Structure formats: structure tokens, C-alpha cells
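Visitor: Could you take me through a few features of this model, with the reasoning spelled out for each?

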Amino acid sequence: MATTVQQPPKVEPRRSPQPGPPGNGGFRNLLPNDGSLRAVQDHAPAPSKTGIWVVLAAITMSFAAFTSALVVRQGAAPDWHHLTLPNILFWNTLVLLASSVTLELARRRVAVFMGGPRTVDLSPARWLYVTAFLGVVFVIGQYSAWLQLRSQGLYLATNPNSSFFYLLTAIHGLHVLGGLIGLTYVIRKLNRVVLRRTTLDSFSYYWHFMGILWVYLLLLLWMRL
Amino acid sequence: MHDTSAHAAAHHGPPTSFIRKHIFSLDHKVIGKQYYGLGLAAVIIGMVLSWIMRIHLGWTNYAIPGLHLLSKTGAPGDVITPEYYLQVMTMHATFMVFFVLTVAPFAAFGNFFIPIHTGAEDMPFPHFNMMSFWTTFVAFCVMLLSFFVGDGPTLGGWTQYAPLSALGPVAGPGQGSGVVIWATSIAIFCVGQLFGALNFIPNILDLRCKGMSMWRLPLPTWAWFITSCMGLTSFSVLMPAVILLILDHVAGTSFFVPSNLVLNDQLQPHSGGSTLLWQHLFWFFGHPEVYIAIVPGMGIISHVLITNMRKPMLSHRILVYSMGALAVLSYMVYGHHMFVSGMNPVSSIAFSFPTLLITIPSTIIVLIWIGSLYGAKIRINAASLFALGFISLFITGGVSGFFLAQPSIQILLHATYFVVAHFHFTMAIAAIFGIFSGTYFWFPKMWGRMMNDTLGKVHFWLSFIGVYAIFMPMHYLGLAGNVRRYQAFVVDYMQPLVGVHQFITIAALFTGAVQFIFIYNFIHSRFWGEPAPDNPWQGTSLEWSIPSPPPHDNFGGRHVVVYHDPYQYGVQSSTGDYVMQDSPEQVKTINEEP
């Protein structure tokens, strides 16, 4: 697999160079300055954007494992009792999806804020606070769904359906709580004007993914439990 | 606010305080060494546990002085009970598989060398990287804790098969809190490894230096990349599995425990669970895990061999593609662990086919090694000897894999010592030889001093003879019907086999003792070894372009630019028969790939 430097250069600039601090030996901000380099490209995605996909892949695999466990467990024995989902779950779904919308509004505000003159006060964090509020409402709503099930005498170990209900909602809820912690971090960075665009973008991928995952889980619970 | 996350994330100043420098360090090199130290501690624990097992198997009633200190109930009169034998066995496997074979070749060397091989200053998310180590360390401590709980650590084996593992103390000694502690430790370990993958994958994809295309990455970095992808997708499945296990154990759910199970004359309150479900979830992780253990070793020994052969492998790309094929196929073959589980026989065939298929990329990798070695004037040193030993062990273990891949033969050999021989040769000892090869090769770079090569060679030859003496006779034992996991061989047909076990025990004690040569060499060289030059082996990859040991930011603020493929040996350059990756010198290559 030997190559020589005499080969014609394959420089494929995709984006004009952006100024950035010198540092990590990363090649993203440096266009090849001589023709003898066989550079792949001058731009690579930011690690946080790749990183968030790594996180989402891990979460997807975990929930795929839980789903397969649910399907196998349902077919394993005739002790599967139908469970009526609390209505509040559907309202919660709307709340979580609304929080995705407010997050997108926040991203646009932040984009304008970053591009515009700093003297204009656009309060870019306002929609992020709304997103956080909706996230908290969602978590409280999920908790109240648990309380409703408990009032019907359905506990974690009552039957396999209730086990999966509590388990899946709890694990998803923990991920949403993790998202809220991430959101607090984002808001703090924004208020100090040290937020990176990629951090906000990566966070938004995570948050939207939580919404999509919840819709999937709701469908799964609705159809299977 | 420009898109500068990579720069800022990877750029942190050198620490000044002791704690930041050596304990809660963000430096990938320190974290790599911490992982190495953890692996070393775990391998010593695992080895001592294997000695206890082996002595018991050879001389069942022999009292090992002081053993009662480990457990009063488990080893009354310094002789272990049958249950405690299983507990020791479980801990041996757990420490070795998770805290040695996953930690050392992958997390330790990967952490140290991935940023250097890619030309980066550090990992993209140093805080997560630090958390990765400390989470793994907590998992290690939690696992150790199980030696100190009431009925001792779990006895369920590293596979922790349900339903017995899911029932609690009623299932017998070692099935109580030991299982919960084991499962908790493994869950924490999974988090640590996911943090690791979170750094490795973006580093390799996004932080490569100028000119460093993916194909210019050295083979170990390719292996770590492939392993990271496997770790990402398998540990994230093990985690839900252990969560379900813990819930069955402590919360009374019935994921894995079937109905009407009577144990110790007690009807269990669970209903309807699927015991096979645990096996499916576990082995979906478990089989990729054995490749997580071995693939980094493949990359490491290829790197070592190429440097010592002074020529590249026959094909860099096919080697990488084959390692990738191993990773993909490893998810499709896991059912071959379950041929006797009561699974549908059609499924057995379905899992048998990819199991036979996976021998193809394995064979390609071995043939590339052997073909490249053909006619090579290899430099013989401790690192290259261990690399050659790796190939020998991998072939030996692989050949028995052909037999075990077929359900009709595997059913006979299942749970016998034949299987023990097979997996120890491949994933265990071969992987350990990979770690040794990497250690002798990279020690000068990691610690800035040379190891004693003569002691290294002695260590190799005695270990090589030793491991064959331990594991070769196990094939015979397995064919003779000797079942594994038995703590004594009282059945008539097994009686004549005890002599073989005694031989294996002596070999195990001998091979274990030989490892102290390595530990002596390691410690002595660390403090009193000859100072290492920057490039002691005349290597070409980026780790050899920087001082030994590397400075805090790896390249001393230099913007690395890569001009060459990773293994430009056999060329004529101003430095000799090789040209460094970051050397702008134009050379005429000899081993050009068609």
C-alpha cells in the first residue's frame, strides 16, 4: 500500500478556510499550501457532531435491545395482560414535540444573535428557557402517568406489561433528564457568550432524538402493551 | 463564534498540580497509562485466581496456606468449597475478559496512541476521556467489593446465565448480593467503555492531521477504530441486559425467570420469563466482545511485525477490510454459543453458517501475515517474538474453531475442556501476547526508557512453552469428555484424567511465575532502564517523530503534515531504508501496491 508523493494531488476543497486558533494539528482549517500533498479534503465535521451520533447510536442500540426483549418476552408466556395507557402520555407527547419546536426557534435566534451586531438584545436564551420548561413538564407528566398506574394497583413487578412500561418510560425519562442537564449547560454557555454553534447543534440533535424516541416508544407501548 | 470546537476541546494547557497531572488527568497519555496499570492489577488478580483453581483441580484436598483469608466460608481449612471454586472461576473470567482483555489492548494502548497516530494533540473530549477511566476504575472497585459481601462473589460464570442468576439467595450461595454487585459493576463498566468509544471514533474521523487520509492511518489505529465501533454497539446492548437482570433479582420482575420454577422446594414467585432471552442479549454482546479482545492485538502485532520486517504487509487494505469483516460477522455468529440451549435447530444452522464464514477473514489475515513474513529478514526482539507467538496461538485456537463451528460436533464438545482450550488460545492468550508485544514495542515511547530485551526474550520463550503446555492438553481432555466448570473429577471415566490436570496445574504455576520476569523487567526498566531515543526501532508512524516520552501536547505545538503511507519501508531515503510519515522527502517507493 505504498504511495508516492509524486502522485497528482487530489485536493478537494469543500469549504473556504475559516480562521481559527492554531492548536491541535487538526487539518480542518488549513488548506494544503503546496500541490504535492495528497490531502483528502480540507474540512472534517466537528468532533462534537460525530460524537453526538456516537451517543445516539449507543442509545438506539440500547432501546433496540429493550424492544427485542419486549417482543421475546411477550411471546414467551401467556401472562401478557393488556394495559390501558394513561391519557396523559399523549399530552406529554405534544409537550415534548413542542419543546423541539421551541428549541428550533431558539437555534434560529442564536444564529441571528451570532451573526448580528452584539448591541442588539435578542434574548437568544428565551426560547431555550421555554424548551427547558417544557422538558420539565414532560418529566413531571411521565411521573404523573406512573402515579396513575400505581393507583390502579399496577406496580413494576405486577405483570410483564407494567414492568416494560415502567422500565421504558423510566430509561427514556432519565435520558430526558440528562438532556435537561445538557440544556442547562448550553444556557450557561450562551449567557456567558461562549457557546459554540456545534455544541448547540449537537444538543439539538440529542433533544430531537429524545422526541422521536418517545414517539417510537409510545407507539410500541400502545401497540404491544 | 466559529466552528472551533475541535481546537478548543483538544487544546488544554499542561497541568501543574499533582492531582491534575497524575490522577484526574485530561491527558490521553496519562489516561492510557492509567488504563494499563488497571489492566496490570486485574491480570495479577485473575492469574492468582487461576492458580487457586488449578491447584484445586490438580490436588482437590490440598490446603493452600492462607487461603482462608480470602473467604472463611469459601475456603474453610484453606481448601475451597465446590461453590467457592465456581465463584473464583467467575471472578477469574470477569476480571480477565472485562478488566484485562478489554482494558489493556484497547483502552490503554488506544488512548495513548490514537491521538498520536492521527496527529492530534489530544482526544476530542478530554473530560469524557478522564471519566471513561475513572468510571471503569469504579467498576473495578465494585467488582472487587463482591469478595467482601456475605456469601462472596457470584458463581454464575462470566455469562451469568439466567434463571439461576436472577433469583437471589434462594438459588444458592454466591447467587445473592454477589450477582447484583457483578451486574452493577458491569453496567458501570459499559458506561466507561461508551465514554471511550465517544472519544476514539470522533478522534479518528475528525482530528486527523493534514494529509492523514484514513488509509494513511497505521494498522493499530484502524483496529482500535473497528473495535470502538464494536464496543459502541455491543456494550450498549449488555447494559440493558444487566439492567433487566438486576430488576429480576431485586425488584421481583420476570424477564428471565420462567413460571412454576421450584427451587430448594420453594415455588418461585416469578412467572413467564424467558431464559433464552438472557442468552440472546448476553451473547449479542459476548461474541463481539471476544473480537474486542483480539482485533486490537491483530493491529498491534501487524504494526510490530512490519517495523521489524522492514517491509509493509502484502496488503494494508485487505487486512483492514478483513478486520472490518470480522467485526460485522461477529454479530451474526453469537448463536453458536447456544447450540445446546434448546434453541430451534434451524437457528443453529443459521448461526453455524456465518461462524464458518468468519473463518474466511480470519484466514485471510493469517495468510497476509505469513505471506508477508515469507522471505522477510525479521529482526528478532521481544516485541517481534511475541507478535510471532500471537500468530502461532491464533492459528492453533482458530483450527479448533473449525470443529466448534459445526453444531453436530459442538454438541459433543460443548462445555468441555476443548472449548476452554479454544477460547484461551484465541481471545485470551493470543490477546495477552498482543499486549506483551505492544508493551515491549511501545515501552520506550510510553515511559521514555528501553526494556531489557534479553529478559524479554526469556520471558517470551518460557511463556510460549508454558501456555502451550497449559492449553494443548485441554483439547485431549475435552475429547475425552472432561466437562468444564467441575471442581473435582470423581466420575469413573474422569479419574484417569486427573494426571493431565496435575500436569496442567504445574504448567500454569510455572507460566504464571515466569510473568514475574516481565513485572521485574517492567519496573526495573521504568526507573533504571536505558533512556530511549525518539525512534529506537526506526519506525515510520507519527509516534516515532516525537520525543520519548511525548510532551504534553504530543507534537510540541508543531502542525503535523503527513506526506506518506504509514509503512514506507524498503525505500531509499536520507534516513536509511524507511521514510517517516511526516517527512517531506520525496522517495521512490519499492513495494508499490498494484
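Guide: The questions below concern a predicted model, and they move from its core to a loop and then to a pair of helices.

Visitor: Which helix gives the most residues to the largest nonpolar core?

Guide: The largest nonpolar core has 224 residues, and those with the most contacts inside it are B:A241, B:V295, B:M323 and B:F386. The element that gives the most to this core, with 23 residues, spans residues 82-118 of chain B and is helix 4.

Visitor: Which residue of chain A is in contact with B:A241, leaving aside neighbours within four places in sequence?

Guide: With those neighbours set aside, the contacts of B:A241 include B:W278, B:L281, B:F282 and B:F285 in chain B. The list also holds a residue of chain A, namely A:A65.

Visitor: Is B:A376 buried, exposed or partly exposed?

Guide: B:A376 lies in the loop between helix 11 (359-373) and helix 12 (382-404) of chain B, where it is in contact with B:M309 and B:K311 once neighbours within four places in sequence are left aside. Because a residue is buried at 20 or more other C-beta atoms within 10 Å and exposed at 12 or fewer, the 14 around B:A376 make this residue partly exposed.

Visitor: How are helix 12 and helix 15 of chain B oriented to each other?

Guide: Residues of helix 12 including B:L385, B:F386 and B:G389 meet residues of helix 15 including B:G456, B:F460 and B:F464, and by class this contact has five nonpolar, five polar and two charged residues. The axes of helix 12 and helix 15 (residues 453-479) of chain B are 9 Å apart, at an angle of about 10°. Since angles under 35 degrees count as such, helix 12 of chain B and helix 15 of chain B are roughly parallel.

Conventions
Residues numbered from 1 in each chain as written. Chains lettered and ligands numbered in written order. Predicted model: local features only at pLDDT ≥ 70, side-chain atom pairs only at ≥ 80, totals over all residues. Core = buried A, V, L, I, M, F, W, Y, C linked by C-beta atoms within 7 Å. Helix = DSSP H or I, 4+ residues; strand = E, 2+ residues; numbered from the N terminus. Contact = placed C-beta atoms within 7 Å. Axes fitted to C-alpha atoms, helices over the stretch in contact; angles between N-to-C directions. Parallel < 35°, antiparallel > 145°, perpendicular 65-115°, else oblique. Nonpolar A, V, L, I, M, F, W, Y, C, P; charged D, E, K, R; others polar.
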